Amino acid sequence: MLGEFEYLILSAATRLGEDAYGAAIRQEIEDATRHRCSIGALYTTLDRLEAKGFIKTRMGDPTPQRGGRPKRMVRVTAMGIRAASDFYAAVTRVSRGVSWETNRVAVR
Amino acid sequence: MGDEPSRGPMMTRVCWRLVEILSLMLHPDERDVVRGDLAESGAAGSQALCDVLGLVVRRLAAPWTHWRPWLTLASLVVPLGMLLSVVSRSTADGSAVYVWMYANNWKWSDLGNAGFWHAFTETVLLVFKGYLALACWSWTSGFLLGTISPRMIQTNGVLFFLMLLFGALVGAPRYFAYYWPFRYGANGPVFSLMFYRETFPLIVLALLVVGPSLWGIRQGERTERLRPLLRQVLWIAAIATLPAMVIQNPELSVSLGLFRRREIWGSWQIWLLQLVAYWPVGYLVADAIGRHSHRSVASPITPTTPSQ
């Protein structure tokens with residue numbers, strides 16, 4: 001079972017696709033949650049996800065925008081997609097009928 | 001850091017400088033990636049400092065979730081740090097008397113006296129033997145730390161030196177407080193001088209413990225490249241050195257009751273154990289010869305062989 005932050009990273013990385021790398025994932029998470037995402041939490045969680053086989057990372061090419069420094073590119077594996085889907089399904093199931101879920105549907 | 005934004009005020013510059021220093025503790029690849037992320041996101045200096053500090057702390061803390069670092073800390077770092085600080089203090093106090101004898105009571109006229117040279121040579125050899133043994137023990141301790149946990153080398157190194165400092169400033173003086181009436185009674189004039197009482201032990205600690213330990217840690221790190229059999233031999237020699245350090249130290253052997261058992265001191269086993277303590281000298285000579293011959297063989301093919 002994934003952790004909440006692990007799920008956020010997998011979702012952000014999947015959405016970014018080929019452009020998924022540290023700073024971009026961080027930005028996606030901050031935009032979605034409206035909370036700061038620390039670099040420490042991001043990179044240690046990326047390591048954990050890689051150790052679990054949910055993502056694969058590689059060093060990308062350096063860009064001038066980054067002062068000539070490389071990116072850590074992220075690709076979500078099939079196992080990672082499955083884990084994220086399971087997590088989402090579990091959250092959806094467990095949220096059915098709870099007040100914030102019904103309110104949200106009503107607002108829509 | 002080249003391209004980081006928001007430079008300007010003094011505080012920002014200090015923050016970015018700290019970011020640079022702290023990020024040196026990260027793996028080179030990760031350091032580049034993180035610095036790139038910070039440059040791209042346009043983070044302020046204080047924010048960048050918090051981010052890098054957080055990552056460094058997480059990286060340093062990660063191994064401590066396993067039992068091995070705790071075992072290394074309890075079985076090697078703490079005991080070796082305390083033991084070496086006690087032995088260092090003992091060696092410093094023992095040699096301080098001789099150093100005082102010659103440095104503070106020097107007479108040029110003695111140089112013409114044959115008896116002076118005889119006593120001087122004996123003293124120099126005695127002090128040198130003690131210093132060499134202390135340097136070898138320190139080197140061995142560093143070597144063990146470097147061999148046992150190459151990944152934790154920075155953390156273990158810092159903890160080891162903190163332990164040495166704690167031992168030198170708090171542990172050893174308390175331990176020796178029991179012996180001071182005996183030791184300092186006869187040699188009162190020497191230890192009434194602040195230099196021999198306070199400064200000299202710290203000089204000995206820095207030169208004969210901290211320096212050789214650092215060297216040993218670096219050498220220990222390199223043993224991963226050695227053959228397993230040779231590594232085992234080195235380990236046995238290193239471990240045999242530790243009891244030698246305990247029994248050879250007068251105060252420690254008194255504490256352990258070994259001093260009363262005079263029959264063991266003349267045995268060949270003790271002699272051999274004392275000799276094994278000097279194994280780092282043999283190891284370093286063999287290592288230097290090995291590298292020199294390797295370079296000699298390589299030089300006809302590649303005239304500008306990089307250093308190993």
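Reader: How much area does chain A expose, and what percentage of it do carbon and sulfur atoms supply?
Author: The model is predicted: local features need pLDDT of at least 70, side-chain atom pairs count only at pLDDT 80 or more, and totals for chains, interfaces and linings use all residues. Residues are numbered from 1 along each chain as its sequence is written, chains are lettered from A and ligands numbered from 1 in the order in which they are written, and side-chain values use heavy atoms, with hydrogens and water left out. Accessible areas come from the Shrake-Rupley method with a 1.4 Å probe, and for residues only the protein chains shown count as cover. Chain A exposes about 6,500 Å², and the part supplied by carbon and sulfur atoms is 54%.

Reader: In what order do the elements of chain A run?
Author: Helices (H or I, at least four residues) and strands (E, at least two) are DSSP runs, numbered from the N terminus. Chain A has five helices and two strands. From the N terminus on, their order is α-α-α-β-β-α-α.

Reader: What percentage of the residues of chain A count as buried?
Author: Buried means under 20% relative accessible area, exposed over 50%, and partly exposed in between (1.4 Å probe, protein chains only). Chain A has 108 residues, and the buried share is 42%.

Reader: Is T147(B) buried or exposed, and which residues is it in contact with, leaving aside neighbours within four places in sequence?
Author: T147(B) lies in helix α5 (residues 114-148) of chain B. Its relative accessibility is 14%, so T147(B) counts as buried. Contact means heavy atoms within 4.5 Å. Leaving aside neighbours within four places in sequence, the contacts of T147(B) are G220(B), T223(B) and W235(B).

Reader: How far apart in space are L159(B) and V77(B), C-alpha to C-alpha?
Author: L159(B) is in helix α6 of chain B. Not counting residues up to four places away in sequence, L159(B) touches W64(B), L73(B) and V77(B). In sequence L159(B) and V77(B) are 82 residues apart, but in space the C-alpha to C-alpha distance is 7.1 Å.

Reader: Which helix gives the most to the nonpolar patch?
Author: Patch residues have over 30% relative accessible area and no salt bridge (a side-chain nitrogen of Lys or Arg within 4 Å of a carboxyl oxygen of Asp or Glu); like charges are joined within 9 Å, nonpolar side chains (Val, Leu, Ile, Met, Phe, Trp, Tyr) within 5 Å. L165(B), F166(B), L169(B), V170(B) and L202(B) make a nonpolar surface patch of about 430 Å². The most, four residues, comes from chain B's helix α6 (residues 153-176).
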